[in-house]
Amino acid sequence: MKVLQIGTGTMGGLLAAELEKEHELTVVSLTKDIPEEKFDVIIDFSHPENLNNLAKYLEKHPTATVIATTGFDDIQKVTIDHLSEKMPVLFSGNFSIGVILMNRLVKEMTYILSDSFDIEIIEKHHRYKKDAPSGTALALRKAVGEENIPITSVRCGKIVGEHEVIFAGEDEVIEIKHTAYSKTIFAKGALEAAKFLPGQKNGLYTIKDVFL
């Protein structure tokens, strides 16, 4: 498979190490550096500011695209929606199967407990993560189904990623927590997404379509 990877940060390095094992890989740091050639799939692990240039390239060269970048604003998300009308696009804030299952559990628990339990979300990441709340925390809030659910964001140290949903009742508390000990899980999830996406119909996909 011929793969274009955008992004050369920590996640980019981990992803490249996985991709190079069995695929033909081209890596660029910015979307403006994309070579004028065809690829089977593109994986974007860069920065929201790169989206406009990526969109311009994809308008000329529709390509199955995995967007693993977080921190997009509402207008940029509309751009991603428009791209998915012309090609298969997979967009997720987290590529861990554990987080996917956590979302499902939270949705089921909320259906049963929301009338009598308070619900709050806490997410923790390393000091260099710029967006807050995290994309995963926002997805968990969506799973709860209430936009006013409080999210507490912590940015400190080298925490890879922790997400916790607390269901607090009068006499008992239930906590569901996911802890990432290595960013490798996200790189492997993005790789599975890249294998899945080429050949799919035009549309917007999430990592749930790959694993569930």
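1. Let's start with helix 2, keeping in mind that this is a predicted model. What covers the buried residues of helix 2? The cover includes strand 1 (2–6), strand 3 (41–44), strand 4 (64–67) and helix 3 (74–83). The residues being covered are Leu51, Leu54, Ala55, Tyr57 and Leu58, the buried ones of a helix that runs over residues 51–60. Look down the axis of helix 2 and these buried residues fall within an arc of 165 degrees, so they line one face of the helix.

2. Now turn helix 2 around. On the face turned away from its buried side you'll find Asn52, Lys56 and Lys60, which are exposed.

3. Next, have a look at how helix 4 (residues 97–113) and helix 5 (residues 135–144) sit together. Two packed helices are described by the angle between their axes and by the distance between those axes. For helix 4 and helix 5, the angle is about 30 degrees and the axes are 8 Å apart. Angles under 35 degrees count as roughly parallel, and helix 4 and helix 5 are therefore roughly parallel to each other. The crossing of helix 4 past helix 5 is right-handed.

4. Which residues make this contact? From helix 4 come Val99, Met102, Asn103, Val106, Lys107 and Thr110, and they meet Thr136, Ala139, Leu140, Ala143 and Val144 of helix 5. Sorted by type, the residues of the contact are seven nonpolar, three polar and one charged.

5. Helix 5 deserves a closer look by itself. Its buried residues are Thr136, Ala137, Leu140, Arg141, Ala143 and Val144. Viewed down the axis of helix 5, they fall within an arc of 155 degrees, so they line one face of the helix. Besides helix 4, the buried residues of helix 5 pack against strand 6 (118–125), strand 7 (151–155) and strand 8 (161–168). Don't skip what comes after the helix: Gly145 follows helix 5, and its phi is positive, near 90 degrees.

6. Last, a stop at Lys201. Where does Lys201 lie? You'll find Lys201 in the loop between helix 6 (184–196) and strand 10 (203–205). Is Lys201 buried or exposed? Exposed means over 50% relative accessible area, and Lys201 has 70%, so Lys201 is exposed. To place Lys201 against another part of the chain, try Thr31: the two residues are 170 residues apart along the chain, and their C-alpha atoms are separated by 24 Å.

Definitions and conventions
Residues are numbered from 1 along each chain as its sequence is written. This is a predicted model: local features need pLDDT of at least 70, side-chain atom pairs count only at pLDDT 80 or more; totals for chains, interfaces and linings use all residues. Side-chain values use heavy atoms; hydrogens and water are left out. Axes are lines fitted to C-alpha atoms, for helices over the stretch in contact, and angles run from 0 to 180 degrees between N-to-C directions. Helices (H or I, at least four residues) and strands (E, at least two) are DSSP runs, numbered from the N terminus. Angles under 35 degrees count as roughly parallel, over 145 as roughly antiparallel, 65 to 115 as roughly perpendicular and the rest as oblique. A crossing is left-handed if the near helix is turned anticlockwise from the far one by less than a right angle, and right-handed if clockwise. Contact means heavy atoms within 4.5 Å. Ala, Val, Leu, Ile, Met, Phe, Trp, Tyr, Cys and Pro count as nonpolar, Asp, Glu, Lys and Arg as charged, and the others, Gly among them, as polar. Buried means under 20% relative accessible area, exposed over 50%, partly exposed in between (1.4 Å probe, protein chains only). The arc is that of the directions from the helix axis to the C-beta atoms.
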